[in-house]
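Visitor: Could you walk me through this one before I set anything up with it?
Guide: Gladly; have a look at it, and then ask whatever comes to mind.

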Amino acid sequence: MSSITIRVANESDIDELVLLMRAYCDSSDEPHVAKPSSESLLTLCRTIVENPKDEGVYLVARQSINDNHRVMIGFASLFWTWTFLPYPGRQALINDLYVTPAVRGLGVAGSLIRACEDQARQRGDIRSIIWQTALENVSAQKVYERLGIIPSKCVDYEINLLK
Ligand SMILES: CC(C)(COP(=O)(O)OP(=O)(O)OC[C@H]1O[C@@H](n2cnc3c(N)ncnc32)[C@H](O)[C@@H]1OP(=O)(O)O)[C@@H](O)C(=O)NCCC(=O)NCCS
């Protein structure tokens, strides 16, 4: 983990971030993971990176491969939203988490989650961070349990407006 760093994505990260998002979408055979165009992923990344105060941030992990180059190996998205329960105020949502297969099992996902927590704390107005994972995604659940994060008792519902 020593050669791995995590920070908030900026303009210079967008092209590589889109490639990782592409890899995430293409690697998943879960029916809920759509196959968006790279153009739509680019638009999403730009919107977030250009509006960190209102929209959220991407956390990106990079690993040194030599003195001059650090390759992107993972990312997490942290979006700002609102809630009124249990207290009215800001809430953060982790909507995506991905680590490239070659570096899995090294704790990168755990570090990305902790980096999300740091970002949310730094904002000063976030009361909680929420996210979901598929019931069958046991490897993701192990990451969260290892960090001591307990699953909530909520059941997720969705109205898919694209259908
Ligand atoms: C789920 C995912 C993000 C996990 O990424 P990761 O970087 O491999 O996760 P971590 O390394 O933090 O933890 C994964 C494994 O490493 C172990 N690990 C974590 N830190 C470790 C450490 N310091 N030393 C040894 N092992 C460690 C974990 O216990 C876990 O091991 P296990 O599954 O064999 O029990 C990754 O597999 C992925 O991108 N999957 C596809 C996308 C996805 O499912 N995203 C989540 C959607 S909610």
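**Fold, sheet and ligand shell**

Guide: One number to start with is that, among contacts in the chain between residues at least 6 apart in sequence, 57% join residues at least 24 apart. Please keep in mind throughout that this is a predicted model.

Visitor: Okay, what secondary structure does the chain have, and in which pattern?
Guide: The chain has four helices and five strands, and from start to end these follow the pattern β-α-α-β-β-β-α-β-α. The radius of gyration is 16 Å, close to the 15 Å that the globule rule gives for 163 residues, so the chain is as compact as a globular protein of that length.

Visitor: And what does the C-alpha trace span along its principal axes?
Guide: The span is about 50 × 40 × 35 Å, and 21% of the 163 residues count as buried.

Visitor: Now the sheet: what is the strand order, and which strands are at the edges?
Guide: The five strands form an open sheet in the order 1-2-3-4-5, with mixed pairing. Its edges are strand 1 (4-8) and strand 5 (126-130), each of which pairs on one side only. Direction ignored, neighbouring strands of this sheet are turned by 25 degrees against each other on average.

Visitor: Remind me, what does the pairing go through?
Guide: In general, strands of a sheet pair through backbone hydrogen bonds, and the arrangement is either parallel or antiparallel.

Visitor: So how many bridges are there between strand 1 and strand 2, parallel or antiparallel?
Guide: Strand 1 pairs with strand 2 (residues 56-66) over five bridges, in the antiparallel sense. If you want residues to click on, Val8 stands opposite Leu59 in strand 2, and Ile6 stands opposite Ala61 in that strand.

Visitor: How many bridges join strand 2 to strand 3, and what connects them?
Guide: Strand 2 and strand 3 run antiparallel and are joined by 10 bridges, while the connection is a hairpin through two residues. Ser64 stands opposite Arg70 in strand 3, and Val60 has Phe75 of strand 3 as its bridge partner.

Visitor: Following Phe75 onwards, what is its bridge partner in strand 4?
Guide: The partner of Phe75 in strand 4 is Tyr98. Strand 3 and strand 4 are antiparallel as well, with 10 bridges joining them, and here the hairpin passes through five residues.

Visitor: Which strands does helix 1 lie across?
Guide: Helix 1 (residues 14-27) lies across strand 2, strand 3 (69-83) and strand 4, and runs at about 80 degrees to strand 3. Helix 3 also packs on the sheet, where it touches strand 1, strand 2, strand 3, strand 4 and strand 5, and its direction makes about 45 degrees with that of strand 3.

Visitor: Switching to the ligand: which residues come nearest?
Guide: There are 18 residues around the ligand, and those that come nearest are Arg104, Gly107, Ala109, Gly110 and Thr133. The elements giving two or more residues to that shell are strand 4 (89-99), helix 3 (108-123) and helix 4 (138-146).

Visitor: Which element gives the most to the shell?
Guide: That is helix 4, with five residues.

Visitor: What's the shell like by class?
Guide: The shell around the ligand holds nine nonpolar, six polar and three charged residues.

Visitor: Since you mention helix 4, is Val138 buried or exposed?
Guide: Val138, which lies in helix 4, is exposed, because only 10 other C-beta atoms lie within 10 Å of its own and a residue with 12 or fewer counts as exposed. The C-alpha atoms of Val138 and Leu93 are separated by 20 Å, with the two residues 45 apart along the chain.

Visitor: And where is Lys35, and why does it count as exposed?
Guide: Lys35 sits in the loop between helix 1 and helix 2 (38-50). Lys35 has 8 other C-beta atoms within 10 Å, so it counts as exposed under that cut-off of 12 or fewer.

Visitor: How far is the C-alpha atom of Lys35 from that of Tyr24?
Guide: The two C-alpha atoms are separated by 9.6 Å, and Lys35 and Tyr24 are 11 residues apart along the chain.

How values were computed
Residues numbered from 1 in each chain as written. Predicted model: local features only at pLDDT ≥ 70, side-chain atom pairs only at ≥ 80, totals over all residues. Rg over C-alpha atoms; globule rule 2.2 N^0.38 Å. Buried ≥ 20, exposed ≤ 12 C-beta atoms within 10 Å, placed from the backbone. Contact = placed C-beta atoms within 7 Å. Near = placed C-beta within 6 Å. Nonpolar A, V, L, I, M, F, W, Y, C, P; charged D, E, K, R; others polar. Pairing = 2+ DSSP bridges. Axes fitted to C-alpha atoms, helices over the stretch in contact; angles between N-to-C directions.
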